[in-house]
Amino acid sequence: MELKACDIIREIKRSGIRFVVALPDRVTSEHLLKPILQDRELKVVQVCKEDEGVSICSGLYNAGRRALLLIQYTGLLDSVNSLRGVAVEGQNPVCMMVGLLGKEPGVAPTRSKRYGVRIVEPILDAMGIEHHLIEAAEDIAKIVPAVERAYERSAPVALLIGREPR
Amino acid sequence: MMKRDECLKVLARHRTDEIVVAVYMAAQEWIHISPSDLNYTFTGAMGQGSSHALGLALGRPDKRIIVLDGDGSLLMNLGSLVTIGHAAPKNLIHCVCENGTYETNGGVPLPGIRHISFTAIARAAGYPKTYEFANLEDWEREAGRILREEGPILVDLKIVPGAEYPEDFRRLYSVEHREVFRKAFQK
């Protein structure tokens, strides 16, 4: 069941992503963001607020580059207007990897005791943003097709990290 | 104070092949003053111009990017100054059209406008160079040199509304025009 951070990083690279726009999240900081910061194949752009990242990823896309926005779900909730205007209406393939801090292992996000976690998927559904739960080792195989589909559709996608990768 | 359209015309005279990211009132005027497939007006939400510009600048370090920001817009995304200062793109020139109001939203004054110094905030955030212009002749004399300087640079343009231009937000955010931009930019 363990999520291996090195496998996630491999799939990020395999999807053609070379920029990671990030604001630290307790779920992904230690084993995902810190190694990415040391990885010479990936360039990290650190932001002060997550909505900046939505637009930086869009600017990178329009410059012909692929990027990943690595954030916590609270940052996603804080970025709803940018996601609305920049990613959805602006048809920019903003690919997000979102840590679900506090989600209980093996519990669906919509069944979490945490209100903030519980509302993430319904909000994404209401916005028409495709999302995938990455919680078990076999879920890592969803990353490349999800990113490819985002670029094919020119639409955002959220990869929800359901447990801390190790 | 400079009339905004006259100020933008100065920039247009010095523009060569730069990508220009423009927001709100400046964008409405810029697409008429300096029409080009390399104009990027597809910022989607208030305050986001500087962040789009950073993405473009990091994605294509071989191209020069100018952002025509607004003062209200920049206040909505002040953290982007720190992000840009940290990323330090040499190819980014950040112009702020400072008129002291939320002009698009009814001309209500900005909070704190008597005390704010965008150049001071930018320097403290890590921009190595900043400039302020309130006089058209000074801006005309210096614009060409500044456009060739290494960034990130913040240029505070003290402006008032000038001639009226048609307002068309649908055009500014048009995905069709964005696709034309992408093709032109990636040539």
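**Exercise 1. Which helix of chain B holds Tyr24(B), and is the residue buried or exposed? Describe its backbone and the helix around it.**

Solution. The structure is a predicted model, and a look at its scores comes before any local reading. The average pLDDT of chain B is 96, with 100% of the residues scoring at least 70, while the model as a whole scores ipTM 0.97 and pTM 0.97.

Step 1: location. Tyr24(B) belongs to helix H2 of chain B, which covers residues 24-33.

Step 2: backbone. Although Tyr24(B) is a residue other than glycine, its phi is positive, near 45°.

Step 3: burial. A residue is buried if 20 or more other C-beta atoms lie within 10 Å of its own; Tyr24(B) has 24 such neighbours and therefore counts as buried.

Step 4: the helix. Nine of the ten residues of H2(B) are buried, so this helix is largely enclosed by the rest of the structure. Among the buried residues of H2(B) are Tyr24(B), Met25(B), Trp30(B), Ile31(B) and Ile33(B), and the list also includes Gln28(B) and Glu29(B).

**Exercise 2. Where does Ala88(B) lie, and what is the sign of its phi? Treat the cis peptide bond at Pro152(B) in the same way.**

Solution. Step 1: Ala88(B) is placed in the loop that runs between helix H5 (79-87) and strand S5 (92-98) of chain B.

Step 2: its phi is positive, about 55°, although the residue is not a glycine.

Step 3: Ala88(B) has 13 C-beta neighbours inside 10 Å, and it therefore counts as partly exposed.

Step 4: the cis peptide bond joins Gly151(B) to Pro152(B), with omega about 0°, and Pro152(B) is found in the loop between helix H7 (136-148) and strand S9 (153-160) of chain B.

**Exercise 3. In which strand is Ala22(B) placed, and which residues is it in contact with once its neighbours within four places in sequence are left aside?**

Solution. Step 1: Ala22(B) has its place in strand S2 of chain B, residues 19-22.

Step 2: because Ala22(B) has 28 C-beta neighbours inside 10 Å, it counts as buried.

Step 3: with its neighbours within four places left aside, Ala22(B) is in contact with Ala27(B), Trp30(B), Asn39(B), Thr41(B) and Leu68(B). Of these partners, Ala27(B) and Trp30(B) also appear among the buried residues of H2(B).

Step 4: a longer separation can be read as well, since the C-alpha atoms of Ala22(B) and Asp156(B), 134 residues apart along the chain, are separated by 15 Å.

**Exercise 4. How many helices and strands are there in chain A, and in what order do the strands form the sheet?**

Solution. Step 1: chain A has eight helices and six strands, which follow one another along the sequence as α-β-α-β-α-β-α-α-β-α-α-β-α-β.

Step 2: the six strands form an open sheet with parallel pairing, in the order S2-S1-S3-S4-S6-S5. S2 and S5 (130-134) stand at the edges with a single partner strand each, so one side of each is left without a neighbour in the sheet. From one strand to the next, the twist averages 25°.

Step 3: within this sheet, S1 (residues 19-22) and S3 (residues 67-72) of chain A pair in the parallel sense over four bridges, and Ala22(A) stands opposite Leu70(A) in S3(A). Helix H8 of chain A (residues 143-153) packs on the sheet, touching S4 (95-99), S5 and S6 (157-161), and its direction makes about 160° with that of S6(A).

Step 4: overall dimensions. A compact globule of 166 residues would have a radius of gyration near 15 Å, and the 14 Å of chain A agrees with this. The C-alpha trace of chain A spans about 40 × 35 × 30 Å along its principal axes, and buried residues make up 48% of the chain. Of the contacts in chain A between residues at least 6 apart in sequence, 77% join residues at least 24 apart.

**Exercise 5. How many residues of chain A are in contact with chain B, and which element gives the largest share?**

Solution. Step 1: 24 residues of chain A are in contact with 28 residues of chain B.

Step 2: on the chain A side, the elements that give two or more residues are strand S2 (43-46), helix H3 (50-62) and helix H5 (80-89). H3(A) gives the largest share, eight residues.

Step 3: by character, the residues on this side of chain A divide into nine nonpolar, eleven polar and four charged.

Note on methods:
Residues numbered from 1 in each chain as written. Chains lettered and ligands numbered in written order. Predicted model: local features only at pLDDT ≥ 70, side-chain atom pairs only at ≥ 80, totals over all residues. Contact = placed C-beta atoms within 7 Å. Nonpolar A, V, L, I, M, F, W, Y, C, P; charged D, E, K, R; others polar. Buried ≥ 20, exposed ≤ 12 C-beta atoms within 10 Å, placed from the backbone. Pairing = 2+ DSSP bridges. Axes fitted to C-alpha atoms, helices over the stretch in contact; angles between N-to-C directions. Rg over C-alpha atoms; globule rule 2.2 N^0.38 Å. pLDDT = per-residue confidence, 0-100.
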